[in-house]
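User: Please take a close look at one part of this model for me. I would like the packing, step by step, and then whatever else stands out.

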Amino acid sequence: MRFLFGLLIASTTFAAEAPRLVVVLAVDQMRGDYLERFGPYFGEGGFKLLTERGANFTTCHFQHAMTVTGPGHATILSGVNPNVHGVISNEWVDRATLLKGNCVEDRTVSLVGLAPRVGRYRNPTEAAKAGRSPRNFLGTTVGDALKARYGAAARVYGVSDKDRASILLAGPKADGAYWTEEGVFITSTYYRPALPAWVTEFNATHNATNSFGRVWDRLLPAEVYDRVQGPDDAPGEDAPAGLSRTFPKRITGSANRPSGDFFSAHDRSPFSNEQVSAFAQRLVLEEKMGQDDVPDLLAIGFSQTDAIGHTAGPDSHEVMDSYLRLDRTLAEFFQFLDQHVGLARCLIVVTADHAVGPLPERVIAERGPGAAARVTLDGLNATVTRALNTAFGPLPDNGVWFLRDGGFLVNQAALQAKGLTSAQVQAEIKRCLVTQPEIGPVYTREELLAPTPLDAVGELMRRSFHAERSADVVYFLKPYYTTNKVGISHGSPYDYDTHVSLMLCGPGVRPGVHTERVHVEDLAPTLASLLGLQLPPEAKGRKLF
Ligand SMILES: [Zn+2]
């Protein structure tokens, strides 16, 4: 009896210390090995706060194959993969209209906070395409579950410099999502008809244009970066938006005043993360986040690390310095949280939407020619068309569509006149693709929807496959192959793209280094359990504590 009483006391005590604010930081492209690699150069109170006081999962992977931003962010706080949440990629082609749409595109809403002639949207069609909301997301986030349980008393917000990061992390029931466009924070009519006065004021004083002409140089001596990463100017690096391939870099976009190229240079500089962090702090104050016993959720996407990783690769001085600077930005942010909420009442998570592989030039230098390649798929469509014509005779023009990013659509209606089924055409496309030197695993819709188990990549692809939105034949390049002419991309099912950082710190977290294999899909069920919330049964991940 006494023992039982003790248990009751213990659980009451835990409830009193339950988190008031959940802060989920999605660091775009943060590989699973960066903490170890850059850890010795981190300062106090940033990433170290989590590695010293929290749980660090060193072997955390995504379980879906198409490892890009939209699907990653949609998975982090829903605990389900694209086969359930429907965000199969950053963009996909609608089968009925054959038009490509962005994963957070919504033509029924419009942007809020952009002056009419600012930016790229100068005619009604473009403006309609620019509307953003979570309408295409078919999942339920931890934020949605908080809103379902506590209603207006729980505050849920997403903040990022990328629209899809803030929108998909926050979820459909969020109070708001803010992201940057042309240097200022905006939202859409999905959330509210006008910007709050404090956002307008923030934009006036913290506009990205304040950083015009600022110089980004390394925090530490160049030799430190040489030792950890190799030389600053490595073969295969890109230098877009007027940026130099080496330090120091002047952030102007090669223009005399802020223009499109300046904003894209700014997105590739640490000043972008600093602006996001400043906005998030202001939001905590203005929206009174973490001020009462009903938990609130703030999801923040830091995307600058992705832009830098794309141009210079994971082994660059640029990536290392952007993590050292993000570490300082986080230290300042955590100090702010301590002051205004109390760190003991914050549950902090750091993870990523996907990782990235090395530049092919680096792989070739280490493992020899053939271990990696830059390829073009220019001839692929013609090769497949020839194979189909040989097998079936000439097909109607609109019979098969080549989608550059990894797939073919088969138009069953157009092929009916020839008496062909989609399955026959899919099989022939696959037969042709697997003979191509640059192509790795290939799967057809028939295979992905059948109950038969597939190989490991096939099972990852099953979780990336949504019957209404996905192509009929999907393929991946061979490991370390890329279609990028310079720089690097991600999106493959290979370990270097699926292995990301995962750290948690706060009430209910078992601190320490955890080396067992876990999945990003385990995070949402874990948070739901720590917060006493229900997620839909499709969120099958295991609770980490
Ligand atoms: Zn990316």
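Analyst: Start with H10 and H14, which pass each other in a right-handed crossing (the near helix is turned clockwise from the far one by less than a right angle; anticlockwise would be left-handed). This is a predicted model, where local features need pLDDT of at least 70, side-chain atom pairs need 80 or more, and totals for chains, interfaces and linings use all residues. Residues count from 1 along each chain as its sequence is written, and side-chain values use heavy atoms, without hydrogens or water.

Helices (H or I, at least four residues) and strands (E, at least two) are DSSP runs, numbered from the N terminus. The axes of H10 and H14 lie 10 Å apart, at an angle of about 115° (axes are lines fitted to C-alpha atoms, over the stretch in contact for helices; angles run from 0 to 180 degrees between N-to-C directions). That angle makes H10 roughly perpendicular to H14 (65 to 115 degrees; under 35 is roughly parallel, over 145 roughly antiparallel, the rest oblique). H10 brings Ala 222, Val 224, Tyr 225, Asp 226, Val 228 and Gln 229 into contact with His 317, Met 320, Asp 321 and Leu 324 of H14 (heavy atoms within 4.5 Å). Six of these residues are nonpolar, two polar and two charged (nonpolar: Ala, Val, Leu, Ile, Met, Phe, Trp, Tyr, Cys, Pro; charged: Asp, Glu, Lys, Arg; polar: the others, Gly among them).

H14, residues 317-340, also packs with H12: their axes come within 10 Å and cross at roughly 10°. H12 and H14 are therefore roughly parallel. On the H12 side the contact uses Pro 270, Asn 273, Glu 274, Ser 277, Ala 280, Gln 281, Val 284 and Leu 285. H14 supplies Arg 325, Leu 326, Thr 329, Glu 332, Phe 333, Phe 336 and His 340. The split is seven nonpolar, five polar and three charged.

H12 (residues 270-286) packs with H9 (residues 197-205) too, at about 150° and with axes 11 Å apart. So H9 runs roughly antiparallel to H12. Their crossing is right-handed. Trp 198, Val 199, Glu 201 and Phe 202 of H9 meet Gln 275, Ala 278, Phe 279, Arg 282, Leu 283 and Glu 286 of H12. Here six are nonpolar, one polar and three charged.

Next, the metal site. Two OD atoms of Asp 306, plus NE2 of His 310 and NE2 of His 490, coordinate the zinc ion at 2.1 to 2.5 Å (donors are N, O and S atoms within 2.8 Å of the metal, or 3.2 Å for Na, K and Ca; water is not among the atoms, so sites may look incomplete). The four donor atoms subtend angles of 55 to 157°, so the arrangement is irregular (four donors are tetrahedral if all angles lie between 85 and 135 degrees, and square planar if opposite donors are over 155 apart and all others between 65 and 115, limits that make six octahedral; anything else is irregular). The donor spacing in sequence is D-x3-H-x179-H. Asp 306 in H13 (residues 304-312) and His 490 link distant parts of the chain, 184 residues apart. His 490 sits in the loop between S18 (481-482) and H21 (495-498).

Last, two backbone details. Phe 247 and Pro 248 share a cis peptide bond, with omega about -5°. Pro 248 is in the loop between H10 (222-229) and S10 (249-250). Gln 29 has a positive phi of about 75°, although it is not a glycine.
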